[in-house]
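Please open the model in a viewer and keep the selection panel at hand. The tour below proceeds by selection.

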Amino acid sequence: MRVPNSVVLPVGTHVDCCREEEVEEKRRDIMARITDMLAERKSNLAHFINNLEGSEEPEFYMDQWERLKEMESCTLTILNLVAVNCTDHQDIKKLEATILEHVKNEELFPEVIRVLPPIYRQVEAAIVDIAQSEEMAGHGMMDLQYLLSKLSQREHLASLGRELLQDILRYLHRIGLVVWYEEIQQLESTVFLQPTFLITMFKLLVRHCLVQQLESIS
């Protein structure tokens, strides 16, 4: 909701826990809830903006007004929900195909035809090579400066600078190859070369029955 020109693909899991007719019913219900939520958000933003514009001294609220107007201008495209049985490998492949089909849609993603500089591909290939090497720790975490030094050891990347590497990491973060939380001060110097480790860790820490499990411990 805060990112300009966002495209959202809702995914409904646990289809295997539902009857076939329930799946379609839940799909319609979820899409209706999303539509109502967006309509309510638009109405609330308009209400807040009108309140600020109608205040006695609107110049004092200019910063808030600008932020609200910026949020109001953020368009959000909601695609049709995809229902998935996560225990069925074919369903996962269908989801993957659906995502790729949408991503290649130039109307949804006008920048999909942008050509990346060759060094982006070279750094991407080198990072994949490092992540798969035997010296890579199981958690896949690496210090940003150390990663730069490792990449710079490669002949064709000897001139790679920190600023350019950061630009490339932002791109690789967006496409999901790495995870780099540059906006979090405590993590800005750490690059996760194996994002699946984070998924595994979160699965251990965040689960629907965690509270009950903790309460059961004397």
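Is the crossing of α1 and α2 left-handed or right-handed? To answer this on the predicted model, select helix α1 (residues 20-53) together with helix α2 (residues 62-73). Their axes come within 10 Å and cross at roughly 155 degrees. Because angles over 145 degrees count as roughly antiparallel, α1 is roughly antiparallel to α2. The crossing of these helices, α1 and α2, is left-handed.

Next, colour the protein by its division into domain 1 (6-104) and domain 2 (118-201). Taken over C-alpha atoms, the centres of domain 1 and domain 2 are separated by 31 Å.

With both domains still coloured, turn to the largest pocket, which holds about 810 Å³ of space. Three elements each give two or more residues to its lining: β1 (6-8), α3 (89-103) and α6 (162-174). Domain 1 (6-104) and domain 2 (118-201) each supply at least three residues to the lining of this pocket.

Now display the side chains of Val103, Phe109, Glu111, Val112 and Arg174; of the 21 residues that line the largest pocket, these lie nearest its centre. Finally, colour the whole lining by residue class: 15 residues are nonpolar, three are polar and three are charged.

Notes
Residues numbered from 1 in each chain as written. Predicted model: local features only at pLDDT ≥ 70, side-chain atom pairs only at ≥ 80, totals over all residues. Heavy atoms only, no water. 1 Å grid on protein atoms, 1.4 Å probe; cavity = no way out; pocket = protein on both sides within 12 Å on 5 of 7 lines; lining within 4 Å. Points joined across faces, edges and corners; volume = space filled by probe spheres on them. Helix = DSSP H or I, 4+ residues; strand = E, 2+ residues; numbered from the N terminus. Nonpolar A, V, L, I, M, F, W, Y, C, P; charged D, E, K, R; others polar. Domains from an automatic or database assignment. Axes fitted to C-alpha atoms, helices over the stretch in contact; angles between N-to-C directions. Parallel < 35°, antiparallel > 145°, perpendicular 65-115°, else oblique. Left-handed = near helix turned anticlockwise from the far one by under 90°.
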